Amino acid sequence: RKKKEHDAVTVLHPTATVHSAKLRVDGIHKYLDHNSFRFDHSFDEDSSTEQVYQYTAQPLVSYVCGGRGVRATVFAYGQTGSGKTHTMSGIQKMVADDIFSFLSDNVLEDDSCCSCDNTTISIAIFEIYGGRIQDLLNKRNRLKVLEDGRGEVVISGLEEFEASTPEDFLALIEAGQNNRTTHATEANDESSRSHSICQVLFRDSTSRRLKAKLSLVDLAGSERGSDTKSHNRQRRTESSDINTSLLALKECIRAIDGDSRHVPYRQSKLTLILKDSFTSNYARTAMIATLAPGSLSTDHTVNTLRYADRIKEKKIGDSFTPSQRRPPVRQAKSPVRKEIVEEKVDTKEHRDEIDENISDNILYEDDNNVEEEIQELTKFEEPDNVEAQGPSEFDQVVQQLFDEEEQLLSLHMQSIQQNAEYITEENKLLESVQGENVDVDAYALRLAEILQHK
């Protein structure tokens with residue numbers, strides 16, 4: 001209200017629509033532009049963190065608890081002040097409860113599976129601040145990012161701490177968050193100035209071999225230049241480093257979306273660390289795009305949704321084909337968290353029906369008809385004979401007006417450019433007349449030609 005903003009985002013699962021005010025090419029007339037995006041799940045302002053967790057991180061927790069060398073990543077992406085840290089903090093607390101719940105329910109089939117008897121949980125938390133990597137659980141020691149012979153990224157010197165209970169897990173998370181770099185900005189009184197990565201490592205109790213890894217990534221928010229006018233030099237440098245690393249992440253997403261042969265993961269330390277999330281055949285990634293609903297943030301919001309839309313359906317290689325899927329080995333018993341969330345969910349009836357089917361699919365239950373049912377439930381019915389009808393007369397008239405506007409603008413630009421060239425030539429003529437041995441006749445003739453064209 002202080003900034004005189006209004007709500008410019010409408011969310012109705014599974015779509016998110018951004019309404020932004022624009023000016024036409026004449027710079028006078030205004031119009032309202034609508035950008036809609038469709039995702040696996042969309043959450044409005046009435047949704048709780050538990051609902052977000054149920055449809056994003058909980059399936060991945062179940063996946064990594066199955067062991068067998070799998071990787072999973074959950075990362076929050078969005079502009080500064082949009083609620084990334086708040087969302088990830090709530091998700092981390094729920095992960096602490098559900099990991100030990102899943103492990104206690106798992107049934108051992110072989111040594112690669114995870115259970116409370118043969119698996120220990122270790123926590124490692126570090127941040128990327130100004131191009132430096134610091135261990136948040138070990139006195140902020142400097143770390144190095146290296147790659148081994150197989151091309152896997154290794155954080156050299158990173159200290160791991162064992163957590164045997166959910167309470168120990170949460171205590172380590174809280175200690176890492178307290179050591180994270182934060183400062184006051186124009187958007188937030190306490191804004192994260194670094195990218196925070198929390199790694200949950202599942203190791204064999206005897207051999208210490210890595211069975212699975214879950215990464216919870218809280219990215220720092222992007223900032224516009226107009227948001228940093230009152231910042232000091234240190235804050236502006238931080239903003240520059242944050243935007244540079246996020247730009248590198250966008251370039252990687254753009255390269256993946258364009259099926260490029262080269263993806264620039266080495267462009268920044270952030271993208272190098274997240275490399276496994278996009279390239280490993282046994283990695284799964286959930287991206288949580290957080291939005292600021294205010295009308296002054298529509299450009300940031302559309303940009304966030306556009307990159308989330310690019311990456312949502314991407315699969316690297318032949319990953320996760322039906323023959324390669326590795327469902328977690330566990331009993332059909334649902335975790336306690338799911339039962340609590342289902343009681344709290346209060347949405348529309350048509351949304352419940354879709355979400356139940358999608359939730360069943362994400363939990364990897366053996367139902368061959370789930371995917372066909374989801375497609376039937378979520379597809380839009382298009383009116384008959386749409387192609388035969390073609391554009392309406394009104395659409396044709398509007399398109400013609402837009403074409404004429406573009407043509408007029410092009411002619412105007414050409415006229416301005418030509419006049420600028422004539423002015424430059426007139427200046428040269430004036431300079432030539434002021435010297436000695438002036439050819440007045442040539443000057444008058446050329447000036448007459450210029451004035452005739454003008």
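## Helix crossings, sheets and ring pairs

Biologist: At roughly what angle do the axes of helix α2 (residues 57–64) and helix α3 (residues 84–105) cross?

Modeller: Helices here are DSSP runs of H or I with at least four residues, strands are runs of E with at least two, and both are numbered from the N terminus. Axes are lines fitted to C-alpha atoms, for helices over the stretch in contact, with angles between N-to-C directions running from 0 to 180 degrees. The axes of α2 and α3 come within 10 Å, and they cross at roughly 35 degrees.

Biologist: What kind of model is this, and how are residues numbered?

Modeller: It's a predicted model, where local features need pLDDT of at least 70, side-chain atom pairs count only at pLDDT 80 or more, and totals for chains, interfaces and linings use all residues. Side-chain values use heavy atoms, leaving out hydrogens and water, and residues are numbered from 1 along each chain as its sequence is written.

Biologist: Is the crossing of α2 and α3 left-handed or right-handed?

Modeller: The rule looks at how the near helix is turned from the far one by less than a right angle: anticlockwise is left-handed, clockwise right-handed. For α2 and α3, the crossing comes out right-handed.

Biologist: Which residues of α3 make the contact with α2?

Modeller: Contact means heavy atoms within 4.5 Å. By class, this one has six nonpolar, two polar and one charged residues, where Ala, Val, Leu, Ile, Met, Phe, Trp, Tyr, Cys and Pro count as nonpolar, Asp, Glu, Lys and Arg as charged, and the others, Gly among them, as polar. On the α2 side you'll find A57, Q58, V61 and S62, and on the α3 side I91, V95, D98, I99 and F102.

Biologist: Which strands stand at the edges of the sheet β1-β2-β3?

Modeller: It's an open sheet of three strands with antiparallel pairing, and strands pair if DSSP finds at least two bridges between them. The twist averages 20 degrees from one strand to the next. Two strands have a single partner each, so one side of each is left without a neighbour in the sheet: β1 (9–12) and β3 (30–38).

Biologist: Which helix packs on that sheet?

Modeller: Strand β2 (residues 15–23) pairs with β3 over nine bridges in the antiparallel sense, and V18 stands opposite N35 in β3. The helix on this sheet touches β1, β2 and β3, and its direction makes about 140 degrees with that of β2; that's α8 (residues 298–311).

Biologist: Which peptide bond is cis?

Modeller: Most peptide bonds are trans. The cis one to look at leads into P14, with omega near 10 degrees, and P14 lies in the loop between β1 and β2. So the bond runs from H13 to P14.

Biologist: What is the relative accessible area of K139, which has a positive phi although it is not a glycine?

Modeller: K139 has a phi of about 55 degrees and sits in the loop between β6 (132–135) and β7 (142–147). Buried means under 20% relative accessible area, exposed over 50%, and partly exposed in between (1.4 Å probe, protein chains only). K139 is exposed, at 78%.

Biologist: Are the rings of F43 and Y55 stacked or tilted?

Modeller: Rings of Phe, Tyr and Trp (its six-membered ring) pair if their centres lie within 6.5 Å, with planes under 30 degrees apart stacked, over 60 edge-to-face and the rest tilted. The rings of F37 and F39, with centres 6.5 Å apart and planes at 25 degrees, make a stacked pair. F43, in the loop between β3 and α1 (49–55), and Y55 in helix α1 are twelve residues apart. Their ring centres are 6.3 Å apart and their planes at 35 degrees, so this pair is tilted.

Biologist: How many residues of strand β13 (residues 210–218) are buried?

Modeller: Strand β4 (residues 70–77) runs parallel to β13 and is joined to it by seven bridges, with A76 opposite D218. Strand β12 (residues 195–204) runs antiparallel to β13, joined by eight bridges, and C198 stands opposite L216. Strand β13 is mostly covered, and of its nine residues the buried ones number eight.

Biologist: Which residue takes a positive phi in the hairpin of β12 and β13?

Modeller: This hairpin has five residues between the strands. The phi in question is near 65 degrees, and the residue is R208.
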